[in-house]
Amino acid sequence: MSEFSTDVDDTAAATKLDTAPIERDDLGTGQRVGRMPVASLWAQLRWAWYLLTSMRTALILLFLLALAAVPGSVLPQNGSNPLRVRNFYTKHPHLAPFINAIGGFDVFGSPWFAAVYLLLFVSLAGCVIPRSRRHFRAMRARPPSAPRNLARLPFFTTWTTTADVESVVTAAHTSLRTKRFRVDRAAGSVAAEKGHLRETGNLLFHLSLLVVLGGVAVSAGFGFTGTVLVKEHEGFSDTAIAYDSLKAGTLVDKAKLPPFSFTLNSFDATYERTGATRGAADSFDAHVTWQPNLNAKPRTADITVNHPLSSGGANVYLVGHGYAPHFRVTDGSGQVFDQVTPFLPNDSTFDSQGVVKLPDAKPQQLGISGFFLPTAVNDPNNRPVSVFPAPDNPIVVIGVFAGDLGLDNGVPRSVYTIDTTKMTVLDTAELGVGQTLVLPNGAGSVTFVGFDQWATFQISRDPGKGVVLVAVAVMVLGLILSLRVRRRRLWVRATSRPIVDPADAGRTVVEIGGLTRTDASGGFDDEFARLVAELQQQFPVVEAVEGAEGVVPMVEEEG
Amino acid sequence: MDVNIGLARLSNDLIAGGIAAYSLAFLGYAVDAAFGNHASRVSPTALRVSKTIAADVRVPVLVGGSTGHDRPAGAAAPAMSSTPPADRYSFVASRVGKVSVALTVVGWLLHLGAIVSRGVAVHRLPWGNMYEFTLALAFTAVTAFLVIMARQPARYLGVFVMAPVVLALGIAVLVLYVAPAPLVPALHSYWLAIHVTAAIIASGVFTVATAATFMFLVADRYAVAQAAGRPVRFSALARIMPSPEVLDRTAYRAYAFAFPIWTFAVIAGAIWAEYAWGHYWQWDPKETWAFITWVIYAGYLHARATAGWRGRNAAYIALLGFVTILFNFFVVNIFITGVHSYAGV
């Protein structure tokens, strides 16, 4: 972003090929930005602002940002995987509270991470906004007039021809116009400039980063995301209480979530039956009937892994699935309970685990703790294990408990575990579909009737994502422009040759000088050579000028 | 659909052949580098050299009536001595270098065949796991190298490109290999083609750029030491290289080419994540490291334009960028679990 400085004339012609401010702290002379001034608070603030918006500071902040992101990828994060955070607490009971205190389990929401990126964005804004103003002026400016001594430009050539001054200037003017240069004609010379898009792209890139931040802020304020488990034949309507978990932005009115609802009619999963990845899932498909609001006509849809359902600004994603065995329990008093309870899969064979709680059973409360094996075979020790995720040979392995489920003492209990400390085992059994376990002493019976499937859905609204998408599209465009477009200036001057001897009469000296920022795109030498060749074709060389090689090396700057 | 076993085997054979050709090419490039006459080898592509060098040492591009296109390279390239081949070792070595280029092309064709046959065997784009991804990545790196060689004399890069390519393919075949199989449902999306292809192309070009950066550091050290009259290690290596400026520029062009593609890959991944997971960004370890890579290379592009950072410092930053890519690929894929885990071994 440094200045394009070249050892050319005193004119402004050759300087300022971009709008970058002069980096006063790195003029290449070892000068540093000074110590904090003591003169006034205002001077100190200006100094601090300058320091913050300098490229050097921005670079350091950029690296700090990269560094700050590292722990977020190494430590388990509450946002993405709270279970692993809990495991970390178990494994490292002394270290974990300390890490928690410094935000290590929520790196990307921690104050220090926010400090780095907010400082970076302030620095960015402080640099880019003034530059945008300068660039806006530069875009409307005319190309600077030709420097006195074109020979001192990094690209230069000259020759003598027989045409008159006027026709050379006219031809050069036309040629450069055709090449879509911005061209100004003066007496005996033409000044041309091209490639403002480079800086436009550069600024678009950086400005769109600011817009991305804005979009993310909107999402954080107005977005929400929740998950819910739904069994086949059951429904969900979008109210805060219906979610298993719901994270909502600070500005979300939880009473006014999008009014849609859906019912999971059925769920299909297919699996690889052969090959190296036998047992891997092939497809998941949740067939739903849904309504965008209560008055709308119900319609059907399939929600699959890469195809969420959209309704009223919210998207419904399929994120998980499992089995819910159906038990028919008859208690000692003859009451019948039909329970379809989701069991949670333990592994990729969908060996699933869960509990059924019957607090209303008489004479004692009943509980079932067990496993659901979709495709059960017996292992060498004659114990049933699950070998395939599809329900080819479903069985349940259960233990039935009687006693106090501990639900009445106000302590919150997980629906997936059972506290058997105040219970006794009545019996255990392996049941295939339709089989019944008769409990001893007339305590009743348990029948494994069959199973349903369940699916978990994530429902989220992210109002800022449209803004972010547009911003990143502009960002890529800006990036490509800033890396591919070349900013350059060309000057053509024609002068009548001073008459020293008779042969000089009617001769015109043509000079062409060029200046560019060297960059990844390169190729200015080709462009320059083409222009020269074109003009030399129209105005043939009668005499090359001595000393045309006297070119001062260009001080090269990149941006 | 079922995997075509015959084609899958063919793919394995082709990649073995490709590795053999690349290995021989690597040896050839090494011989060429060690014994070749490097002044003479630039002349067949005089025009390109003259322009590259001219731009770097600021020799006037055009003088008098010349348009510069017909100028011999030697005149414009003081950095390259134009002495004729000194002895027959160097002559043979240069021949070996040319054969190496041919071997690289042969290896590239076999490599291409391996990727295509694997893709046909599994009826999908063959970049669904680390093995396939590594094959594709190495393929892009070699492609980028061949493209650069077609545009400018860059045989000197051969050693530094072929070494990581052969290494990566060796690891792919010996460690990462998985039998061909269909993909898990999460990968059934055309975004796989967009996101992963962009990531592969960017990483492949970053690999070649890294080779050039590495050579820049060696050449620069050599140039500095030579200017100070100090003896240098690896001088034989440095002697064959073009000027640090040329290397720096070659590297920069490659980075500037790959960076927008990497940006796009990350964005395409975010769009896909939005469809698949319901969040375009959730700081999954793989996402985080892709972001870190992006930040580091953005830092490189800025550093290159900031006084006090350009040159060696910028080069170190670029090398750090590649380290983050490697970390993301090997460490994050294998040791850190996240939502990208299915892309694993």
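In the predicted model, an open sheet of chain A is built from five strands, arranged in the order β13-β14-β15-β18-β19 with antiparallel pairing. The sheet is bounded by β13 (344–345) and β19 (423–432) of chain A, the edge strands, each of which pairs on one side only. Within this sheet, strand β14 (residues 352–358) of chain A runs antiparallel to strand β15 (residues 365–373) of chain A, and the two are joined by seven bridges. A:Gln353 has its bridge partner in β15(A), namely A:Phe371.

The sheet belongs to a chain in which nine helices and 24 strands are assigned. Chain A comprises 559 residues, of which 37% are buried. Among the contacts in chain A with a separation of 6 or more, 66% are accounted for by residues 24 or more positions apart.

One residue of the helical part of chain A was examined individually. A:Val472 is located in helix α8 (residues 465–484) of chain A, and this residue counts as buried because 23 C-beta neighbours lie inside 10 Å, the cut-off for burial being 20 or more. When neighbours within four places in sequence are left aside, the contacts of A:Val472 are with A:Ser208, A:Val212 and B:Ile267; the list thus includes a residue of chain B, B:Ile267, alongside A:Ser208 and A:Val212 of chain A. By comparison, A:Pro37 lies 435 residues from A:Val472 along the chain, and the C-alpha atoms of these two residues are separated by 40 Å.

In chain B, the packing of two helices was considered. Helix α1 (residues 5–35) of chain B and helix α6 (residues 158–176) of chain B have axes that come within 9 Å and cross at roughly 155°. Since angles over 145 degrees count as roughly antiparallel, α1(B) and α6(B) are therefore roughly antiparallel to each other. The crossing in which α1(B) passes α6(B) is left-handed. On the side of α1(B), the contact is made by B:Ile15, B:Ile19, B:Tyr22, B:Ser23, B:Ala25, B:Phe26, B:Tyr29, B:Ala30 and B:Ala33, whereas α6(B) contributes B:Gly158, B:Val159, B:Met162, B:Ala163, B:Val165, B:Val166, B:Leu169, B:Gly170 and B:Val173. Of the residues in the contact of α1(B) with α6(B), 15 are nonpolar and three are polar, while none is charged.

Terms used
Residues are numbered from 1 along each chain as its sequence is written. Chains are lettered from A and ligands numbered from 1 in the order in which they are written. This is a predicted model: local features need pLDDT of at least 70, side-chain atom pairs count only at pLDDT 80 or more; totals for chains, interfaces and linings use all residues. Axes are lines fitted to C-alpha atoms, for helices over the stretch in contact, and angles run from 0 to 180 degrees between N-to-C directions. Helices (H or I, at least four residues) and strands (E, at least two) are DSSP runs, numbered from the N terminus. Angles under 35 degrees count as roughly parallel, over 145 as roughly antiparallel, 65 to 115 as roughly perpendicular and the rest as oblique. A crossing is left-handed if the near helix is turned anticlockwise from the far one by less than a right angle, and right-handed if clockwise. Two residues are in contact if their C-beta atoms, placed from the backbone, lie within 7 Å. Ala, Val, Leu, Ile, Met, Phe, Trp, Tyr, Cys and Pro count as nonpolar, Asp, Glu, Lys and Arg as charged, and the others, Gly among them, as polar. Two strands pair if DSSP finds at least two bridges between them. A residue is buried if 20 or more other C-beta atoms lie within 10 Å of its own, exposed if 12 or fewer, and partly exposed in between; C-beta atoms are placed from the backbone.
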